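Thank you for making room for me this morning. I would like to walk you through one structure, so please have the sequence and the 3D view open as I talk.

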Amino acid sequence: MLGKALIRRLGKSAEPFRVRALVRGQRQAGSLDGLPAEVLQVDYGDAGSLAKAVKGAEAVVHLAGALQPRRGERLHEANAGTTRSVVSAARAAGVRRFVYLSAPGAELASPNEYLRSKAVAESVIRRAGFETVVFRVPMVLGAETPSTRTLLHLAGRRTVPLVRGGRVRIQPVVLTDVIGAVRWALAVKTVPVHTLDLVGPETLTYAELLGRAGARMGRRPWVLGVPGWLAEGAAVVGERLGWGWNRTLFDTLFNEHLGDAVEIRGLLPFPMTPVDDLLDGLLAR
């Protein structure tokens, strides 16, 4: 989703961009049909495959990673492992600039496996010597994003169960702003090694976000509070039984990992989009 949006944006740039899109399989390749990019199928475990894919490239935008990895793959492999492979190929190819999307709260000492794997990936990139921009990105809202589909679905319901009554604070960022920031990072003349919190201009709760979406749909969903201890306990059980719901997901989604937007606002050549403006545009359609 982010990759497709970025390809479309770069295809409309006044400056010429020759884009290669790296995908794992035929299904992902098919989803990019018609977009202005050369699509290459790669195996992140195959150094030769990656070397051919990045040969001659001046910049890499690394979007590969997961909060819920594919079956049989661990979070460290999905995030840090793929990053290490791409960094190795990019260094050998003489890539100058590297842009990476990480997550707020990424720390090497984090007990959260997802955030820890993201921090390891950041460290690998910084040590490689590229001109580097790491964007720490929270929930992304925009047309066709999974978070937006879930939000609009819940906003149309009468009753919505939310952990801790939806009081957890979030900083959702609009998809077009994320793509605009990546475009800026590719084009700006001087880029130091930098880590930036690419968070939205507002800090609000899940309940507030749900209420704003519901109001625009003429709905007022009733929030049913789910105790945090109960949701976390279910995550522990789910992890042991392999249900997919686990402690890492619980912590990432329902414990606060907030960023500081001051620095990014002073760097980007455009203002960040308020959540209300996004919702007005989406629901007007």
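I will go through salt bridges, then one helix, then aromatic rings, and finish with a patch on the surface.

Please keep in mind throughout that this is a predicted model, and that what I quote is computed from it.

Let me begin with charge pairs, since a search of the whole structure finds 15 salt bridges. One of them joins the side chains of R74 and E113, with 3.4 Å from N to O. Because R74 sits in the loop between β3 and α4 while E113 belongs to helix α5, this pair ties together parts that are 39 residues apart in sequence. R74 counts as exposed, at 57% relative accessibility.

A second salt bridge brings together E131 and R97, at 2.7 Å from N to O, and this pair links strand β5, where E131 is found, with strand β4, which holds R97, across 34 residues. Are these two partners buried or exposed? E131 counts as partly exposed, with a relative accessibility of 24%, whereas R97 is buried, with a relative accessible area of 1%.

Helix α5 and strand β5 come up again in the pair of E122 and R136, whose closest N and O atoms are 2.8 Å apart. E122 lies in helix α5 and R136 in strand β5, so this salt bridge ties together parts that are 14 residues apart in sequence, and here both residues are buried. Elsewhere, salt bridges that share partners join E202, R212, R216, D276 and D280 into one network.

Turning to helix α7, which covers residues 175–187, we have 13 residues that reach 19 Å from the first C-alpha to the last, close to the 18 Å expected. This helix is mostly covered, as 11 of its 13 residues are buried, including D177, R183 and W184.

Next come the rings, for which the search of the whole structure finds 5 aromatic pairs. Y206 and F254 form a tilted pair, with 5.7 Å from centre to centre and 50° between the planes. The pair links helix α8, which contains Y206, to helix α10, which contains F254, and the two residues are 48 apart. Y206 counts as buried at 16% relative accessibility, and F254 is buried too, at 15%. Ring pairs link Y206, W245, F250 and F254 into a cluster.

Finally, on the surface, V237, L241 and W243 form a nonpolar patch, with about 340 Å² of accessible area together. L241 belongs to helix α9 and counts as exposed, at 52% relative accessibility.

Methods. Residues are numbered from 1 along each chain as its sequence is written. This is a predicted model: local features need pLDDT of at least 70, side-chain atom pairs count only at pLDDT 80 or more; totals for chains, interfaces and linings use all residues. Side-chain values use heavy atoms; hydrogens and water are left out. Rings of Phe, Tyr and Trp (its six-membered ring) pair if their centres lie within 6.5 Å; planes under 30 degrees apart count as stacked, over 60 as edge-to-face and the rest as tilted. Helices (H or I, at least four residues) and strands (E, at least two) are DSSP runs, numbered from the N terminus. Buried means under 20% relative accessible area, exposed over 50%, partly exposed in between (1.4 Å probe, protein chains only). The expected span of a helix is 1.5 Å times one less than its number of residues. Patches are made of residues with over 30% relative accessible area and no salt bridge: like charges are joined within 9 Å, nonpolar side chains (Val, Leu, Ile, Met, Phe, Trp, Tyr) within 5 Å. Accessible areas come from the Shrake-Rupley method with a 1.4 Å probe; for residues, only the protein chains shown count as cover. A salt bridge is a side-chain nitrogen of Lys or Arg within 4 Å of a carboxyl oxygen of Asp or Glu.
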